[in-house]
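Welcome, and thanks for taking a look at this protein with us. Please keep the sequence and the 3D view open while you read the notes below.

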Amino acid sequence: MKKVNLSDLLKSLPFYTLSYSSDPEILSLENDHRQVREGALFICIKGYTFDGHTVAQEAVNKGARAILAEQAVEVEGAPVIMVADTKKAMAILADFYYGSPTTGMQLVGITGTNGKTTTSHLLTEIYKEAGEKTGLIGTMYMKIGEEVIDTKNTTPESLTLQKTFKKMRDKGVSAAVMEVSSHSLVEGRVWGCDYDIAVFTNLTQDHLDYHHTMEEYRRAKGLLFAQLGNTYSADKPKFAVLNEDEEASAIYKRETAAHIVTYGIDNRAMFQATDIVLTSAGTEFLLHYPDGHRKVKTKLAGKFNVYNVLAALAAACTAGIDLNTAIRAIERMEGVAGRFELVSNDEGIAVIVDYAHTPDSLVNVLKTVQPLTAGRVLTVVGCGGDRDRTKRPLMAKAACEYATDAIFTSDNPRSEDPAAILKDMEAGVVGEEYKVIPDRREAIFYAIEQAQSGDAVVIAGKGHETYQVIGKQVLDFDDRAVAKEALSSRKKEAN
Ligand SMILES: CC(=O)N[C@H]1[C@@H](OP(=O)(O)OP(=O)(O)OC[C@H]2O[C@@H](n3ccc(=O)[nH]c3=O)[C@H](O)[C@@H]2O)O[C@H](CO)[C@@H](O)[C@@H]1O[C@H](C)C(=O)N[C@@H](C)C(=O)N[C@H](CCC(=O)O)C(=O)O
Ligand SMILES: Nc1ncnc2c1ncn2[C@@H]1O[C@H](COP(=O)(O)OP(=O)(O)OP(=O)(O)O)[C@@H](O)[C@H]1O
Ligand SMILES: N[C@H](CCC[C@H](N)C(=O)O)C(=O)O
Ligand SMILES: [Mg+2]
């Protein structure tokens with residue numbers, strides 16, 4: 001437990017007003033009043049479902065010694081510090097309270113609609129190969145070395161984030177890689193993170209429920225590159241690793257004072273792939289890099305994964321890692337759980353579980369499977385509830401266009417009616433042929449029963465997830481396990 005006087009803690013905040021001057025010793029920072037213990041500074045967050053300002057007094061009654069708020073609160077027994085935005089102030093305080101842990105390590109932030117989890121895993125493997133002790137923060141988990149910590153968000157709120165970085169630093173982590181979601185950038189969850197390198201994968205439609213327009217969404221991702229600094233520092237150079245085939249990169253170049261490193265396939269770039277050969281065993285390409293060119297092999301399938309490999313290699317070289325070391329790590333890597341994950345069977349059916357939950361990723365995966373499949377491509381796909389409604393018809397359209405058989409089902413309906421989500425999907429494929437099976441398990445069983453040797457079954461949207469959220473219930477559900485059950489029941493029926 002770190003003790004700090006309130007007055008010292010407040011030195012990190014540029015603007016605030018204080019209700020009365022007392023200077024209690026602060027023993028912890030909390031934004032959930034249920035976690036408050038004696039000595040806490042309670043930070044009131046106005047969330048989407050709950051307003052922390054409403055429980056400020058309760059927090060004081062539980063032992064909070066000061067309150068940080070952005071709206072007037074009636075509190076007795078503790079000073080109230082007023083700021084314009086408590087989420088952003090919380091990030092600054094968290095960085096200060098935990099001793100600016102990211103300044104002592106290499107930190108890479110990866111943003112973009114798709115490919116963040118994949119690229120962050122590739123880069124982490126490279127850092128390991130180069131002998132670094134690594135940290136990883138992203139959609140699937142947080143990792144300190146090999147220790148796995150569960151997480152709810154792709155990019156956690158700042159208290160969790162900085163506390164985790166401090167743990168990393170205490171455990172000797174020298175290089176950390178994290179996914180930086182657009183939500184986290186808008187909310188300032190990553191303020192205080194001292195990035196050395198920021199990577200951009202791509203920008204296609206998702207999360208318009210939150211960002212409203214593609215322009216706003218593009219701007220949100222750009223905040224990562226702006227955060228690298230708007231003045232150049234020779235002592236601590238920063239690098240923006242940008243995808244030269246993406247339009248938004250031109251804008252991000254203008255918004256950062258960092259050095260620019262580019263990668264790409266279609267346009268000339270500092271790290272460029274040509275002569276790409278896609279096979280069912282993986283991918284091969286010729287890598288052109290600033291000093292020459294050489295062949296690279298990866299077990300990861302699809303052109304989209306060539307971008308992820310290029311992004312990881314470009315970031316690694318930018319970090320000063322030897323290219324041969326980086327390529328060795330890439331060539332060994334098997335892939336990331338739930339991303340183009342094959343469910344083994346002896347029926348001659350390629351069963352692929354993939355986390356494609358956007359129109360672009362679904363198109364990419366189906367386009368990758370199509371030429372590698374002798375027979376039909378069946379796809380089982382649904383769309384998440386309480387998320388961008390406008391991507392639903394587009395995902396349905398992608399399924400009908402690039403698969404021979406489209407089976408629409410439920411993803412995580414959350415608070416929405418599964419039938420209403422399916423109706424939104426169907427609006428995108430009027431006049432097309434498809435089947436609707438709302439129960440995901442039944443849909444997977446149906447696809448696998450229908451498939452014949454030489455066919456492929458793509459089960460999209462949930463990848464590594466081991467649950468399905470229906471209403472408020474979180475039920476056990478794993479596409480890979482259900483596919484295995486369906487494969488063995490098919491086998492029994494045949495015997
Ligand atoms: C829409 C959104 O971003 N919501 C995030 C937000 O939740 P919220 O605003 O609903 O929080 P809330 O429950 O209203 O609580 C507000 C405050 O009151 C406090 N509280 C709450 C209850 C109580 O009794 N007492 C109390 O003090 C809470 O601790 C909190 O500080 O703050 C929570 C804590 O940080 C997040 O976990 C939560 O993410 C939810 C789970 C979520 O689904 N977010 C998605 C949209 C998201 O952020 N996704 C991105 C990108 C995903 C990707 O594409 O990779 C991500 O980074 O995960
Ligand atoms: N570079 C890429 N370009 C387009 N699609 C991709 C790319 N990389 C992966 N995909 C597709 O997107 C899916 C999700 O990939 P990944 O988990 O790496 O992305 P992410 O950005 O972390 O997603 P999320 O924001 O949901 O965490 C994959 O299963 C694949 O279908
Ligand atoms: N990070 C993404 C994941 C979506 C995964 C999909 N299975 C869904 O539930 O919509 C989101 O929260 O929008
Ligand atoms: Mg991710």
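Here is a short tour in three stops: confidence, helix pairs and ligand surroundings.

What you are looking at is a predicted model. Its protein chain has an average pLDDT of 95, and the model's ipTM is 0.96. Three helix pairs and the shells around two ligands make good places to begin exploring.

**How confident is the prediction?**

- Of the residues in the protein chain, 99% score at least 70 in pLDDT.
- Alongside the ipTM of 0.96, the model has a pTM of 0.95.
- As a rule for reading any such model, coordinates should not be read in detail where pLDDT is low.

**Helices α4 and α10**

- Start with helix α4, residues 116-129, which packs against helix α10, residues 303-318, at an angle of about 40°. Their axes are 9 Å apart.
- Angles between 35 and 65 degrees count as oblique, so α4 and α10 are oblique to each other.
- The crossing in which α4 passes α10 is right-handed.
- On the α4 side, Thr-118, Thr-119, Leu-122, Leu-123 and Ile-126 make the contact. On the α10 side you will find Asn-305, Asn-308, Val-309, Ala-311, Ala-312, Ala-315 and Ala-316.
- Sorted by class, this contact of α4 with α10 holds eight nonpolar and four polar residues, with no charged ones.

**Helices α8 and α9**

- Next, find helix α8 (residues 214-227) and helix α9 (residues 248-255), whose axes cross at roughly 40° and come within 9 Å.
- The pair α8 and α9 is therefore oblique as well, and its crossing is right-handed.
- Helix α8 brings Arg-218, Gly-222, Phe-225 and Ala-226 to the contact, while α9 brings Ala-248, Ile-251, Tyr-252 and Glu-255.
- Here the contact residues comprise five nonpolar, one polar and two charged.

**Helices α15 and α16**

- The third pair is helix α15 (residues 440-450) with helix α16 (residues 479-494), packed at an angle of about 45° with axes 9 Å apart.
- That angle makes α15 oblique to α16, and α15 passes α16 in a right-handed crossing.
- From α15, the contact uses Arg-441, Ile-444, Phe-445, Ile-448 and Glu-449. From α16, it uses Asp-479, Val-482, Ala-483, Ala-486, Leu-487 and Arg-490.
- Seven of the residues in the contact of α15 with α16 are nonpolar and four are charged, with no polar ones.

**Around ligand 2**

- Ligand 2 has 23 residues surrounding it, and the closest are Gly-115, Lys-116, Thr-117, Thr-118 and Ser-361.
- Which helices each supply at least two residues of this shell? They are α4, α10 and α12, the last spanning 359-369.
- Helix α12 gives the most to the shell around ligand 2, contributing four residues.
- By class, the shell of ligand 2 contains five nonpolar, 13 polar and five charged residues.
- Thr-118 is worth a second look: this residue is among the closest to ligand 2, and it also takes part in the contact of α4 with α10.

**Around ligand 3**

- The residues surrounding ligand 3 are Thr-154, His-357, Gly-384, Arg-387, Asp-411, Asn-412, Gly-461, Lys-462 and Glu-465.
- How many of the residues in this shell are nonpolar, polar and charged? The shell around ligand 3 has no nonpolar residues, five polar and four charged.

How values were computed. Residues numbered from 1 in each chain as written. Chains lettered and ligands numbered in written order. Predicted model: local features only at pLDDT ≥ 70, side-chain atom pairs only at ≥ 80, totals over all residues. Axes fitted to C-alpha atoms, helices over the stretch in contact; angles between N-to-C directions. Parallel < 35°, antiparallel > 145°, perpendicular 65-115°, else oblique. Left-handed = near helix turned anticlockwise from the far one by under 90°. Contact = placed C-beta atoms within 7 Å. Nonpolar A, V, L, I, M, F, W, Y, C, P; charged D, E, K, R; others polar. Near = placed C-beta within 6 Å. pLDDT = per-residue confidence, 0-100.
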